[in-house]
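User: I have a model to go through with you. Could we take a helix and a small sheet, one question at a time?

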Protein chains: 2
Amino acid sequence: MTNRPKTRQAMNLNALDLNALRVFERVAASGSFTAAARHFHRAVSSVSRQIRGLEEALGQPLLYRHTRAVALTEAGWRYYEEIREILERLDLATEALAYPDAEPSGVLRINAPVAFGQRQIVPLLHTFQRRHGGITAELQLSDQVIDPVREGQDITFRVGDLADSSLVARRLAPMNYVVAAAPSYLEVHGAPRTPESLSDHNCLLYQGEMGRQRWYFQTPDQSGSTPHEVSGNLYSNDAESLLRAALLGQGLVLFPTWLIGDALSQGELVPLLEAWRGEVMPGRRDIHVLTTERRLRTRKVRAFLDYLQESLAPQPAWDQWRERIGGLSNDHR
Amino acid sequence: MTNRPKTRQAMNLNALDLNALRVFERVAASGSFTAAARHFHRAVSSVSRQIRGLEEALGQPLLYRHTRAVALTEAGWRYYEEIREILERLDLATEALAYPDAEPSGVLRINAPVAFGQRQIVPLLHTFQRRHGGITAELQLSDQVIDPVREGQDITFRVGDLADSSLVARRLAPMNYVVAAAPSYLEVHGAPRTPESLSDHNCLLYQGEMGRQRWYFQTPDQSGSTPHEVSGNLYSNDAESLLRAALLGQGLVLFPTWLIGDALSQGELVPLLEAWRGEVMPGRRDIHVLTTERRLRTRKVRAFLDYLQESLAPQPAWDQWRERIGGLSNDHR
DNA sequence: CATCGAGTTGCGCCTCATGCAATAAAGATT
DNA sequence: AATCTTTATTGCATGAGGCGCAACTCGATG
């Protein structure tokens, strides 16, 4: 619907297009046409034209085009601040139209660390989506810490470290670690009886961007954790690889139960040093989900968070490996 | 830009169309597809489809269709309240993008009483639009009192009576009345010397929906106005007709100077009873403009109001008829 | 009961949004 | 410094979708 007859004009309110505004919000948040194109499953050329059309309608540029990135102009920044809130309000108003028991629907964008996502979120999400057929999920797994706003994510899982941020954090579940080794390893090397004896063992360590992890141990009557220098013949930034090596009898691992609970319950790994509490990040013993105030108000995000709380209370399935030792793994449902 | 792949869903945020939202706002405010179609210069079928598409995107009806009118559903009303504010904020944010000295632009919708509009607003608007080429004006003249919000008007002129309302009212100019007659009438019947002697004269009276107007007179030392029963042989709801009859020498009229200032200055009408102050609505002696808080923030409305204040200060041209007696009419510029 | 006005729908036409491919520009890499 | 790679732009062809006209429906009005 174009405005006609056209008069000479600096801007044309009727030339505004809601899709162009949404595209602009995503470009501004991500700093990239390419990222916005991926977000909306569109060609970059389409994004380019939407932005160009918006700038023409407004009568001035919103973005500086650099190679490999774009940046907001002063006016673009001011407009982005407004548009972001306007779109939020519009979507809330639109969603509020639904009757109170309306089905959550739309695209749920989830970010999580790779291993946690594969093992825990996929089955949880599977059950959630069977309940709510209107939900489409986009599961982005990455071991890099991302900025959910910039990446346009609805929910981000954080295992362990929880950086200070303006995001809304919800504690989801405790994160317990277990030292474990395969029976085949123990048959040859025997089981360590104290944390000190770990120095006689082959400890397979995670070595990521933050360097090589240390193992800490604490007895219940201790107020703090004691670090132990351990070493081994395999260090990797890929937890999955370390786990595979451990299952082959190569050495000991200290991993969270959401990663190795199944192996423990199936006897593929044997828990060790159970009188102590082991961890790799002292004091960080919880799994959180991060979202934004805005997204917390959407039906789909609230429904998924509620479902997660309900599924993981009072104790997540991955912490119930003791009860399942010897039996078939009880799939999540 | 459609959302794909589509999942089963109650609503689709990406299916929202800004034009459809604007159409919906106008339909809701006016209660009519036809009125909204006129507002946007579109066929009614186009409006019908926009609304239908919006309802499908939202998954529920927004309007009850009755013959000859539509009404908002409960959900439609709630949505309308939200959408109205969202659109207002979006338009303000968009207009705020302009540099401080940006030209006002867009469509200015003005409502005024017929005679006042023809005589006073057309030339005022003409000069304003020569200054601001980006302005398109829609001048709706009506002697019925309209609801500016419902009619989607930016500025409404009110001469005389100012009903209580939530609209923003700005006093624009004083409204002075003059009793006058053509020289040809006075040659035959002589001039009345007091208001009491009007009963001996043929007084042409406005007779509208509120009934036949009375004439009130007041001397400067009086605190109130005194009504006078006058009568004549022509009553009409059309001021222009009464004026034409007076110019033909048929009788006396009591009219505001914005209506007869030119005739007075050209000697076609002669002012009478000048020691008195005459009026037809006691106490209502001002011309106001009405707008809404929202529209007051728009550049085009502010610019027009500022221009009106500047043009009519310290005294509007229509009150300067004495200075122009005997000379050519000085057109507004 | 005929007429009128408001809204709906079928149909054809035209505009515009889209993706592909070629291109430009500049930062990253060797 | 040359080359490669990535991001964004633009020409072009195609198809989707918005539009107005006309016929129709329905209920209020006189």
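User: Which residues of H5(A) are buried?
Analyst: This is a predicted model. Buried here means under 20% relative accessible area. In H5(A), the residues that meet this are Ala115(A), Phe116(A), Gly117(A), Gln120(A), Ile121(A), Leu124(A), Leu125(A), Thr127(A) and Phe128(A).

User: What do the buried residues of H5(A) pack against?
Analyst: Both strands and helices of chain A take part. The strands are E3 (106-112), E4 (135-141), E5 (155-159) and E16 (286-291). The helices are H9 (257-265) and H11 (299-312).

User: How far apart are the end C-alpha atoms of helix H5 of chain A?
Analyst: H5 of chain A covers residues 114-131, 18 residues. At 1.5 Å a residue, the helix should therefore span 26 Å. The model agrees with that: its end C-alpha atoms are 24 Å apart.

User: Where in H5(A) does the kink lie?
Analyst: The bend is about 40°. The proline Pro123(A) follows shortly after the kink. The residue at the kink is Ile121(A).

User: Which strands are at the edge of the open sheet E13-E7-E14 (chain A)?
Analyst: The sheet has three strands with antiparallel pairing. An edge strand pairs on one side only. In chain A that gives E13 (253-256) and E14 (270-272).

User: Which residue stands opposite Val179(A)?
Analyst: Strand E7 of chain A covers residues 177-181 and pairs with E13(A) over four bridges. The pairing is antiparallel. In E13(A), the residue opposite Val179(A) is Leu254(A).

User: At what angle does H9(A) run to E13(A)?
Analyst: H9(A) lies across E7, E13 and E14 of chain A. Its angle to E13(A) is about 110°.

Key: Residues numbered from 1 in each chain as written. Chains lettered and ligands numbered in written order. Predicted model: local features only at pLDDT ≥ 70, side-chain atom pairs only at ≥ 80, totals over all residues. Heavy atoms only, no water. Helix = DSSP H or I, 4+ residues; strand = E, 2+ residues; numbered from the N terminus. Expected span 1.5 Å × (residues − 1). Bend = angle between axes of the 7 residues up to and from the residue. Buried < 20%, exposed > 50% of the residue type's maximum accessible area, 1.4 Å probe, protein only. Contact = heavy atoms within 4.5 Å. Pairing = 2+ DSSP bridges. Axes fitted to C-alpha atoms, helices over the stretch in contact; angles between N-to-C directions.
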